[in-house]
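These exercises are to be worked with the sequence and the 3D structure open. Each task is followed by its solution in steps.

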Amino acid sequence: MTPRTVVGVMPARLMDPTAAPDWRLVRLGKGIMETLIQQLINGLVIGSVYALIALGYTMVYGILGLINFAHGDVLMVGALVALQTMTFLMGMAPGMSPLVMLSIALLVAIVVCMLLGFTMERLAYRRLRNAPRLAPLITAIGVSFLLQTIAMIIWGRNYHTYPQLISTTPLQPIEGVFITPVQITIIFGSAALMIGLLLLVNRTKIGRAMRATAENHRVASLMGVDTNAVIAFTFVIGAGLAAVAGVMFASNYGIAHYGMGFMPGLKAFTAAVLGGIGNLGGAMLGGIVLGVVESFGAGYIENLTFGFLNSSYQDIFAFLILGLVLIFRPTGLLGERVSDRA
Amino acid sequence: MNELAAAIPWLGKRNPTAARWLILIIALVAPVIAWQFGRSWVRILDFALLYMMLAMGLNLVVGFAGLLDLGYIAFYAVGAYTFAFLASPHFDVHLPFWTILPLGAGFAAMAGIMLGFPVLRLRGDYLAIVTLGFGEIVRIFMLNLNYPVNITNGPQGINMIDPINLFGWDLSRNLQIGENFSINSLFLYYYFFLLAVAGSIVFVHRLQISRVGRAWAAMRDDELAAKAIGINTRNMKLLAFSLGATFGGLSGCLFGAFQGFVSPESFSLMESIAVLTMVVFGGMGNIAGALVGAFVLALLPEILRDVAVPLQQTLFGHVLLDPEVLRMLLLSLAMILMMLLRPAGLIPARARYSHDHHLSNKLKQEAAK
């Protein structure tokens, strides 16, 4: 309202520069086919990050019926903690191999985020489990902004350049199509994590307890499942995934910032809804579909609207998809749950 | 209007008449007191009044009808930009204030219905996210519609908007009375906004006890039951959205004219959240709550700015938390702590129309089981 610096305002390109760099590469490319493949790759990369984040949303929603608004900000904390660790390690042991350094940073970020997820659930959400419907949601919004503020206090308002420990020199598997080693790592890393999560949920004892709790709290607790522990565990796992996603996101764009979690958080939520909220496979599918749609949308919007709209509108696609899905197919692509639940 | 008297905690219950007079006196004298601390404080009070209107409008949607709207600031933006388009050198159009005001309100109401139609089937958390998306879409368009045709002037915003002109009386000029006495323009705006807020209070109060208000309350507490007793929930939801938006549009117009400058930066998600916090903090579903919430949360950050910054200077030698950080910290903590400790807000709505009453009874029954 008053003309102050306001949080929500980030230069669109810095905040979420998916389109900007890749898209210029694309425009240099010659053929239609190369452009198409390039957009597909970009979409896959960002889509797999969305999918990782979406898993956190969907697990929590499946169990509690709560949209954990602060999930995107956990991602931001993960990215910034990893950044802090890397900077520290570079100062302490400059000779360390980049891969070891990255692994240590990832580990620290995961642990911090897991603790954060646990604390959030314990302090804020657990007490509101039986409260009127709006209360947990409003609290979650509050937690999200609180995390951003704390990050702003610790890391300042500036954009931090993210150290590129994995090479970013683009490879050219096909003439005119570029992919960087970071992007390859992101695709394979997130695929591995997703498979791991599916195994955890479907093959282990705690996974069975999670599914039981999602099905029905009370009955699960009657069957001897410690539902409080299961819910806390769900938050912790989701936060761990978000930490990894945060590091991936920041490495891909080379930038980290206290507000960086907001947009990917929202988009991942969209992805979760698109796939069918509460459904793990759906979240993965939704993430990838959303990433690809967004990448194609940003690439072709200028031609489609005869130059009236350009790639700075790319954030709109996620919201449009969200609206359309909720109106026409609220259960999502794979979901059975109805939007009125909760 | 005992509703309003509730704004003063203790007195309001014992002696509502006295409380009402006290409120009136405070409202009239406030800018004079603020003037003693500097003119910027009068300006802050002016903004506080605008926030009050916004909070009342959002309260219609969130508190009365139970629809959580996180994109509310978009309507404010529609109002402000309408004013900016129709009364500034940007398009070189200068329509009179009284023509633009209904237009701004109308456009905002239309935007409200446009948002309302697709989200009719959604409830609770989904609705919140979709409205948030709507707010962001509006902001993205404001930011980017300067190319290829310059409509909104992009991130720079629109400058030199005409001030409010009431039938030839320009509120932006100090009013000269006699030789050596003049009333500052900030006071003129204050009392004009105060009139607007007073009008809104009367309107919202009448609305709340009307058929529509009762239908909203029924819908909020149990949509299915409301449908079953013959309430047209679709129309009621649309009405809530459009009326809430109208308030946003009106205060947006006033904001544009008062500030003389609009830019997308003023309509970020943070502002939507700030207005929501005001409603939540004061007490959902309750006029006095929205007013007190807006007043406290509009003023508190400014007071913090004046107190906390010098305090940090003396304590630590430098500023650790700048005012903007303090404001965010305050808003987010207010939201979380209120929900955890006092979910009905500072001034809980009267039991008759509140859903917390209904829900707390339900919870008690659950606990008893």
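**Exercise 1.** Where is the kink in α12(A) centred, and about how many degrees is it?

Solution. The model is a predicted one, in which local features need pLDDT of at least 70, side-chain atom pairs count only at pLDDT 80 or more, and totals for chains, interfaces and linings use all residues. Residues are numbered from 1 along each chain as its sequence is written, while chains are lettered from A and ligands numbered from 1 in the order in which they are written.

Step 1. Find the helix: α12 of chain A covers residues 280-304. Helices (H or I, at least four residues) and strands (E, at least two) are DSSP runs, numbered from the N terminus.

Step 2. Locate the kink, which is centred on A:Ala298 and comes to about 40°. The bend at a residue is the angle between axes fitted to the seven residues ending there and the seven starting there.

Step 3. Check the length. The 25 residues should span 36 Å at 1.5 Å a residue, and the end C-alpha atoms are 34 Å apart, which agrees. The expected span of a helix is 1.5 Å times one less than its number of residues.

Step 4. Look just past the helix, where A:Phe306 has a positive phi of about 55°.

**Exercise 2.** Describe the length and burial of α11(A) and α3(A).

Solution. Step 1. Helix α11 of chain A, residues 262-275, has 14 residues that should span 20 Å at 1.5 Å a residue; its end C-alpha atoms are 20 Å apart, in agreement.

Step 2. In α11(A), 13 of the 14 residues are buried, so the rest of the structure largely encloses this helix. A residue is buried if 20 or more other C-beta atoms lie within 10 Å of its own, exposed if 12 or fewer, and partly exposed in between, with C-beta atoms placed from the backbone.

Step 3. Helix α3 of chain A, residues 32-64, has 33 residues; from first C-alpha to last it reaches 46 Å, close to the expected 48 Å. Of these 33 residues, 26 are buried, and α3(A) is mostly covered.

Step 4. Each helix is followed by a glycine with positive phi: A:Gly276, near 110°, after α11(A), and A:Gly65, near 70°, after α3(A).

**Exercise 3.** Is B:Leu86 buried or exposed, and which residues does B:Leu86 touch?

Solution. Step 1. B:Leu86 lies in helix α5 (residues 73-86) of chain B.

Step 2. There are 22 other C-beta atoms within 10 Å of B:Leu86, so this residue is buried.

Step 3. Leaving out residues up to four places away in sequence, B:Leu86 touches B:Val93, B:Leu95, B:Ile100 and B:Leu103. Two residues are in contact if their C-beta atoms, placed from the backbone, lie within 7 Å.

Step 4. B:Phe97 is 11 residues from B:Leu86 along the chain, and their C-alpha atoms are separated by 9.3 Å.

**Exercise 4.** Place B:Asp92 and B:Asn153, and give their phi and exposure.

Solution. Step 1. B:Asp92 sits in the loop between β1 (87-88) and β2 (93-94) of chain B, whereas B:Asn153 sits in the loop between α7 and β3 (165-166) of chain B.

Step 2. Phi is positive in B:Asp92, about 60°, and in B:Asn153, near 65°. Most residues other than glycine have a negative phi.

Step 3. B:Asp92 has 6 C-beta neighbours inside 10 Å and so counts as exposed; B:Asn153 has 18 and counts as partly exposed.

**Exercise 5.** How many residues does each chain give to the contact between chains A and B?

Solution. Step 1. Chain B gives 45 residues and chain A gives 45 residues.

Step 2. On chain B, α7 (124-144), α12 (269-282), α14 (323-341) and α15 (355-368) each supply at least two residues of the side that touches chain A.

Step 3. Sort that side of chain B by class: 29 nonpolar, seven polar and nine charged residues. Ala, Val, Leu, Ile, Met, Phe, Trp, Tyr, Cys and Pro count as nonpolar, Asp, Glu, Lys and Arg as charged, and the others, Gly among them, as polar.
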